[in-house]
Amino acid sequence: MPGKARGKVTISVEECKGCGLCVESCPPKCLQLAPELSAYGVHPARYSGHDCTGCGICFYCCPEPGAIKVYRQIAPLKPAVPQGGEHAPAL
Ligand code: SF4
Ligand code: SF4
């Protein structure tokens, strides 16, 4: 079942060797092998464009350094000092 999109990946067609390990390992199944061939004569992996959770599993499965980059969405920072409210700081 696809999770909430919290990340995205980019795949370098020049580095990808089309082994398919990332496609098989991706939990929400948001990677696929492209139907067209790359310059190396392989079907490179590509991102569907949705459902990536940013888990990084594809990155760790890929045998080609630099083929996959994973980007994670960062939650907005909460204020360090409480804003208003009925309790004042103790010190
Ligand atoms: S980071 Fe996780 S969810 Fe995103 S494409 Fe890679 S394996 Fe799939
Ligand atoms: S694991 Fe790496 S080399 Fe294999 S298909 Fe995916 S991106 Fe390409």
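A residue counts as partly exposed if the number of other C-beta atoms within 10 Å of its own falls between the limits for exposed, 12 or fewer, and buried, 20 or more. G7 has 16 C-beta neighbours inside 10 Å, so G7 is partly exposed. The model described here is predicted.

G7 belongs to strand 1. Its contacts lie far along the chain. Leaving aside residues up to four places away in sequence, G7 touches C52, T53 and G54, and also V70, Y71, R72 and Q73. G7 and C55 are separated by 48 residues in sequence, yet their C-alpha atoms are 8.0 Å apart in space.

The overall fold can be read next. The protein chain contains two helices and four strands. Along the sequence, these elements follow the pattern β-α-β-β-α-β. The protein chain has 91 residues, and 16% of them count as buried. Contacts between residues 6 or more positions apart were also examined in the protein chain, and 65% of these join residues 24 or more positions apart.

The interior comes next. In soluble globular proteins, nonpolar side chains tend to be buried together. Here, the largest nonpolar core has 13 residues. Those with the most contacts inside this core are I11, C22, L31, C58 and I68. C22 touches three others of this group, namely L31, C58 and I68. C22 also touches A45, C61 and C62, again not counting residues up to four places away in sequence.

Two ligands are present in the model. Ligand 1 is surrounded by 16 residues. The closest of them are C26, C52, C55, I57 and C58. Strand 1 (7–11) and helix 2 (57–61) are the elements that give two or more residues to this shell. By class, the shell around ligand 1 holds 11 nonpolar and five polar residues, but no charged ones.

Ligand 2 is surrounded by 14 residues. The closest are C16, C19, C22, A45 and C62. The shell around ligand 2 divides into 10 nonpolar, two polar and two charged residues. C22 thus appears both in this list and among the core residues with the most contacts. C58 is likewise one of those core residues, and C58 is among the closest residues to ligand 1.

Two loop residues have an unusual backbone angle for discussion. K29 lies in the loop between helix 1 (21–25) and strand 2 (31–33). Phi of K29 is near 55 degrees, a positive value in a residue other than glycine. D51 lies in the loop between strand 3 (45–47) and helix 2. D51 is not a glycine either, and its phi is positive, at about 80 degrees. How buried or exposed are these two residues? K29 has 13 other C-beta atoms within 10 Å, so K29 is partly exposed. D51 has 20 C-beta neighbours inside 10 Å and therefore counts as buried.

The last residue considered is K69. K69 lies in strand 4 (residues 68–72). There are 11 other C-beta atoms within 10 Å of K69, so this residue is exposed. K69 touches V9 and T10, not counting residues up to four places away in sequence. F59 is 10 residues from K69 in sequence, and the two are 6.9 Å apart in space, C-alpha to C-alpha.

Notes
Residues are numbered from 1 along each chain as its sequence is written. Chains are lettered from A and ligands numbered from 1 in the order in which they are written. This is a predicted model: local features need pLDDT of at least 70, side-chain atom pairs count only at pLDDT 80 or more; totals for chains, interfaces and linings use all residues. Two residues are in contact if their C-beta atoms, placed from the backbone, lie within 7 Å. A residue is near a molecule or strand if its C-beta atom, placed from the backbone, lies within 6 Å of it. Ala, Val, Leu, Ile, Met, Phe, Trp, Tyr, Cys and Pro count as nonpolar, Asp, Glu, Lys and Arg as charged, and the others, Gly among them, as polar. A nonpolar core is a set of buried Ala, Val, Leu, Ile, Met, Phe, Trp, Tyr and Cys residues joined through C-beta atoms within 7 Å.
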